Amino acid sequence: MRRRTAAASALLAAAAALVPAAVPAAAAPAGAHGADREAASPAGKAAALQRALDGIVAAGVPGAIAEVREGDRTWRRSSGVADLRDGRRAQPQDRFRAGSVTKSFVATVVLQLVAEGRIGLDDPIGRHLPGLVPDQVEGAPVTVRQLLGHTSGIPNYTDVLRRDGDDPIRKLQHSHHTPRELVAIATKEMKETQGTEGTPEAKEPRVPGQPRKWAYSNTNYVILAMLIEKTAGRPLGQEIDRRIVRPLHLTGTTVPTTERLPGRHMNGYERLPGETAPADFTDFSPTAFWGPGNIVSTTSDLNRFYRALSGGSLLPSHLRQEMRTFQETEPGSARAYGLGLESRSAYCPGEQPVWGHTGSVPGYSTFSFTSADGDRQITLAVNTSLTIPEKANDAALKAFSATLCKK
């Protein structure tokens, strides 16, 4: 979902490009303080948000929608079109495919099961799903915590699928995979790249207790979704609905079981090489990203979900702390990862990192972040992902700085 071909490298991790450059301090020009006060007002922030969305569309994205919350105030804005065929305007309440934002939902359900004592964070996954993955990965069992935090060492199955033929995205669009098949794709890759025991290619065993390197892998969340179904005895969608969607009244959020995107929605588009018209990826296989990225939602629902997660209505405090214990993803990176959550330290320089998650599937990019104190939120969605122009990323950054930052 997040790692793409070289031709789409600008969007390998869509939000990673939204890192502001360091700006040296400068003397404030005459009248600047009054302008700052105006920009910091609700009307000023709403106007800045609209300009940012208009900038995203002007850069070549069909449509952009957002909802911002600051304290008790909420405002919603949109720009561009939801459907290129009939010109229907994008609206803030439109549904979209939220991609890897799904991971925060799955992680929350897993941690609820931990709170109920039905699984343990440091349980080996083989205790619950025997035989699904090798008993030893890099010299030690894979645990639930490692799956949640992307330190399992299990390869990313979507990296394998994107190498499948000349047109892997369209092939995946109408594919059908069982969860076990997705995991098997990854474990086969692991065996092929690591070598078998006794061959020169075999890796040295990992020292017991030594943490594995962080590596984003959608396979982790396929396994966690299977863990939820095995432990709860219900399908993943039903369990997310029972534990999160209905209690929070998320009226636009579903876990689809067909290719169709339900309700009023934005269509998803990509500009593929050699094609004059944007390709429509609105309909997509519900099994392609089952677990790591299959939720459909709205800007309002995602803000409500993360607000509830911040406020403590979904998890006890010690598990919220576990979820928000972030570790560096790469040396010097502005991005860190917890258990189903990511943080960004560069969105608001000089302030505490914001947290939430990004999502990217063909046709859709989603950014949903909350300030460290929980007082400010933004969820922004656009109906392009793999081929989003760099100028659209720059415009999106302006939406974050205008709404999430105190200064």
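In which strand is the place of Arg-69? Arg-69 sits in strand S1, which covers residues 63-70. Keep in mind as you explore that this is a predicted model.

## Two buried arginines

Let us stay with Arg-69 for a moment. Arg-69 is buried, yet has no salt bridge. Its nearest side chain of opposite charge belongs to Asp-375, at 5.0 Å. That pair does not count as a salt bridge because the rule asks for a side-chain nitrogen of Lys or Arg within 4 Å of a carboxyl oxygen of Asp or Glu.

What does the side chain of Arg-69 meet instead? A polar atom of this side chain lies 3.0 Å from the backbone oxygen of Gly-71. The backbone oxygen of Gly-374 lies 2.5 Å from a polar atom of the Arg-69 side chain.

Arg-95 tells a similar kind of story. You will find Arg-95 in the loop between strand S2 (73-80) and strand S3 (96-97). Arg-95 is buried and has no salt bridge, and Asp-301, with the nearest side chain of opposite charge, is 6.7 Å away. Here too, backbone oxygens come into the picture: the one of Thr-251 lies 3.2 Å from a polar atom of the Arg-95 side chain, and the one of Gly-252 is reached by that side chain at 3.3 Å.

## Salt bridges

Side chains of opposite charge can pair when their charged atoms come close. How many salt bridges does the count come to? The count comes to 23 salt bridges. The table shows some of them.

| Pair | Closest N to O distance |
|---|---|
| Arg-118 and Glu-116 | 3.4 Å |
| Glu-116 and Arg-243 | 2.8 Å |
| Asp-241 and Arg-246 | 2.9 Å |

Glu-116 appears in the pair with Arg-118 and in the pair with Arg-243. Glu-116 lies in the loop between helix H3 (102-115) and helix H4 (125-128), and Arg-243 lies in helix H10 (residues 236-248), so their salt bridge ties together parts that are 127 residues apart in sequence.

Are these partners buried or exposed? Glu-116 is partly exposed, with a relative accessible area of 42%, and Arg-118 is partly exposed at 36%. Arg-243, by contrast, is buried, with a relative accessible area of 10%. In the remaining pair of the table, Asp-241 is partly exposed at 28%.

Now widen the view a little. Glu-116, Arg-118 and Arg-243 belong to a network of salt bridges that also links Arg-234, Glu-239 and Arg-242.

## A buried isoleucine

Next, look for Ile-228 in helix H9 (residues 218-232). Ile-228 is buried, with a relative accessible area of 0%. The C-alpha atoms of Ile-228 and Leu-113 are separated by 8.1 Å, although these residues are 115 residues apart along the chain.

## The cavity

Finally, where is there empty space inside the model? A search of the whole structure finds one cavity of 30 Å³ or more. The volume of this largest cavity is about 100 Å³.

Which classes of residue make up the lining of the largest cavity? There are seven nonpolar, three polar and one charged residues. The residues lining the cavity include Arg-97, Pro-256, Phe-284, Ser-285, Pro-286 and Phe-289. Also among them are Gly-293, Asn-294, Ile-295, Val-361 and Pro-362.

How values were computed: Residues numbered from 1 in each chain as written. Predicted model: local features only at pLDDT ≥ 70, side-chain atom pairs only at ≥ 80, totals over all residues. Heavy atoms only, no water. 1 Å grid on protein atoms, 1.4 Å probe; cavity = no way out; pocket = protein on both sides within 12 Å on 5 of 7 lines; lining within 4 Å. Points joined across faces, edges and corners; volume = space filled by probe spheres on them. Nonpolar A, V, L, I, M, F, W, Y, C, P; charged D, E, K, R; others polar. Helix = DSSP H or I, 4+ residues; strand = E, 2+ residues; numbered from the N terminus. Buried < 20%, exposed > 50% of the residue type's maximum accessible area, 1.4 Å probe, protein only. Lys, Arg positive; Asp, Glu negative; His and termini not counted. Polar contact = N/O pair within 3.5 Å; in protein donor to acceptor, adjacent residues only side chain to side chain.
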